[in-house]
Amino acid sequence: MSEQEKIIQIAGSITVDELANQLGLSVTKLIGELFKNGIVATINQRLDFETASIIISELGIEGVKLEKKNTGIKTSDFHHELSDKAVPRPPVVAVMGHVDHGKTTLLDTLLNKKTVEGEAGGITQHISAYQLKHEDRWITFLDTPGHEAFAAIRQHGAMLTDIVIIVVAADDGVKPQTVEAIKFAQGANAKIIVAINKIDREGADIPRTMADLAQHGLQPEEWGGDIIMVPISAKRGDNLEKLLDMVLLTADIEELKADIEVPAEGLVIESHMEVGKGSVVNLLVTEGELKTGDFIVAGSTYGKVRTMLDFRGKPKGKATPSIPVTVTGFKELPNFGDRFQEVKDEKTARKMALLNAQSQSDELASSNVTSSDLLRMMNTVDNTKMFNVIIKGDVLGSVTSVVDSLKMIDTKGEITLNIVATGVGDITENDVYMAVGENTVIYGFNVTVPTNIAKMAARDGVSIRTYKVIYELLDDAKHSMEELLDAEVVEEDKGEMKIMGVFRTEKSSIIAGGEVLNGKVEAKMLGRVIRDKQYIGEVEVESVQKEKIDVKELISGEIGGLALKTNKKILMEVGDRIKFFTREMKKKTL
């Protein structure tokens, strides 16, 4: 880095005004420069990191380096400096891995809880938290979704975690989601333990699996590395005691502790509405001691803990660090991943929630511009089409993962995904009203459509599509967006002929002959007539002859005659060349 290089740190986003100040430009000049590049921006518009980078590059500004100011939520962010009164806490363990590699079976066997039954497609749909006792010590498990569509929600899962057990099938090896889980675990500074599963299967190859993992930066302890790898059979229960021993050993080495004599803090790991209960929220306590009757704030909502249940659904009076609980009492549903804090009274809780809501509102009002928005604006011809959707899910985590997964579909800049609204619960009249006339699809995930709502939607021409497996929903959305794409003209070069004789020229037809220089020529092909690099006109081949006999084709080096069809009279000459090609309309795909 040169001495003159200036570093600009961006925490999430930066306004045009702030960026101008940091760059030493007047706001007017920056807005003017943006306008020249096809970007209409206001002084308070917020730009994300990638957008600011593109702008600086477009403006040719040198001597400036952008850095991301880390604002990511990690478990460590919630731990204040530990006091000398800090006590040991249970480890929080996330189980991750490729779909079908057996992580849910592993949890089932460990917990003697058949959670896999009723999971559509055999895939875990939500983050769930469980606890078990081993050697008289508690371990908290987070069951995180395993399909690639859940990348965003699974990243949150890793951020909550001390230890990640990555499950890899011994007969299948490292897969894309395995690599993804490794990256998330490393990004969250969590300790990694590998469970090499399905060792009872034919084709299981433990050494090969270990070598595969080593290729991705996980060196087994047996090979001089620092990653514990335990061969297991989740189905039969082989080596599960050893796996739990390794979890506790890792926890001991890490010396996991937390303060209890401080206000309770933690994270929202799930939330949904239940009839008769209102908002039902799963929390993971990270600090302090949460008790029934406490006032807590999470994002823009607050409440008084009315009831508290443990992971088995049994009443619990208090929860200490690393303990997952289900509480009722929030005024509204908090968002998945929100941090919660205990406060002294309802007045303080209401005030904090209001300030958080105001902060969120200000951010929305400043109309953030993302890099994808910017690239779209920089495109002088904007032919993008809009795909409008309303998302309803059974719980907030489902809605979050569906929305995040939809945003990950690569639309190649030709389709704009517009999420009109999202919500938790069954599809309602209001959802149908919002969808009418806007060509909007309502997607329901693990929710029902009441008969009267289905009739109303049918009457108003609104499409409601419900799914229980997320990747089926995503496939539908992708197909629907592809339907909006215009077909594209695809041309393919086929061959070239040099004209050696022109025998008849009429208003819409030509009879000529020549030698095929390369490729081939056959009936139905199109051709461009070129004379001294100049385009003369377009023809279509009606028939092909060789030695005055109709043939299917002429190939390179052969001499023959052609009957050509034209839209306008073309005076072809000896020495002209015809470049043959095919042209077809092809439906675009994403």
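The following paragraphs go through selected helices, sheets and residues of this structure, which is a predicted model.

Helix H5 comes early in this account. It spans residues 103-111 and is mostly covered, with seven of its nine residues buried. The buried residues are Lys 103, Thr 104, Leu 106, Leu 107, Asp 108, Leu 110 and Leu 111. Two charged side chains, Lys 103 and Asp 108, are therefore on this list of buried residues along with the leucines. The buried residues of H5 pack against four strands and one helix: strand S6 (92-97), strand S7 (128-134), strand S8 (137-143), strand S9 (163-169) and helix H9. After H5 comes Asn 112, which has a positive phi, near 50 degrees.

Helix H9, one of the packing partners of H5, covers residues 240-254 and is preceded by a loop that begins after strand S11 (228-231). Ser 233 lies in this loop. Is Ser 233 buried or exposed? Its relative accessible area is 0%, so Ser 233 is buried; the cut-off for that class is under 20%. Leaving aside residues up to four places away in sequence, the contacts of Ser 233 are Asn 197, Lys 198, Ile 199, Asp 200 and Asp 238.

Further along the chain there is a closed barrel. Its six strands follow the order S13-S14-S19-S17-S16-S20, and the pairing is antiparallel. On average, neighbouring strands of this sheet are turned by 45 degrees against each other, direction ignored. One pairing can be followed in detail: strand S13 (residues 265-274) and strand S14 (residues 278-287) run antiparallel and are joined by nine bridges. Within this pair, Leu 267 has Leu 284 in S14 as its bridge partner.

The next sheet is open. It has four strands in the order S22-S21-S23-S24, paired in parallel. Which strands stand at the edges? They are strand S22 (415-424) and strand S24 (463-467); each has a single partner strand, so one side of each is left without a neighbour in the sheet. From one strand to the next the twist averages 25 degrees. Strand S21 (residues 385-393) and strand S23 (residues 440-445) run parallel and are joined by six bridges. In this pairing Ile 390 is opposite Ile 442 in S23. Helix H12 packs on the sheet, where it touches S21, S22 and S23, and its direction makes about 180 degrees with that of S22.

Helix H12 also has a helical neighbour. H12 (residues 396-407) packs with helix H15 (residues 470-484) at an angle of about 40 degrees, and the axes are 10 Å apart. How are the two helices oriented to each other? The angle is neither under 35 degrees nor in the range 65 to 115, so H12 and H15 are oblique. Their crossing is right-handed. On the H12 side the residues in contact are Ser 401, Val 402, Ser 405 and Leu 406, and these meet Ile 470, Leu 473, Leu 474 and Ala 477 of H15. Sorted by class, this contact has six nonpolar residues, two polar ones and no charged ones.

The last part of the account concerns strands at higher residue numbers. Strand S25 (residues 488-505) contains Glu 496. This glutamate has a relative accessibility of 13% and so counts as buried. Apart from residues up to four places away in sequence, Glu 496 touches Glu 515, Val 516, Leu 517 and Asn 518, and also Arg 577, Ile 578, Lys 579 and Phe 580.

Strand S28 (residues 534-546) is joined to strand S27 (residues 526-531) by six bridges, and the two run antiparallel. Arg 531 has Gln 534 in S28 as its bridge partner. S27 and S28 form a hairpin with two residues between them, and Asp 532 in the turn has a positive phi of about 50 degrees. S28 also forms a hairpin with strand S29, again with two residues between the strands; here Glu 547 in the turn has a positive phi of about 55 degrees. S29 (residues 549-551) pairs with S28 in the antiparallel sense over three bridges. Strand S31 (residues 559-566) runs antiparallel to S28 and is joined to S28 by six bridges. Val 544 takes part in two of these pairings: its bridge partner in S29 is Val 551, and its bridge partner in S31 is Leu 562.

Key: Residues are numbered from 1 along each chain as its sequence is written. This is a predicted model: local features need pLDDT of at least 70, side-chain atom pairs count only at pLDDT 80 or more; totals for chains, interfaces and linings use all residues. Side-chain values use heavy atoms; hydrogens and water are left out. Buried means under 20% relative accessible area, exposed over 50%, partly exposed in between (1.4 Å probe, protein chains only). Contact means heavy atoms within 4.5 Å. Axes are lines fitted to C-alpha atoms, for helices over the stretch in contact, and angles run from 0 to 180 degrees between N-to-C directions. Angles under 35 degrees count as roughly parallel, over 145 as roughly antiparallel, 65 to 115 as roughly perpendicular and the rest as oblique. A crossing is left-handed if the near helix is turned anticlockwise from the far one by less than a right angle, and right-handed if clockwise. Two strands pair if DSSP finds at least two bridges between them.
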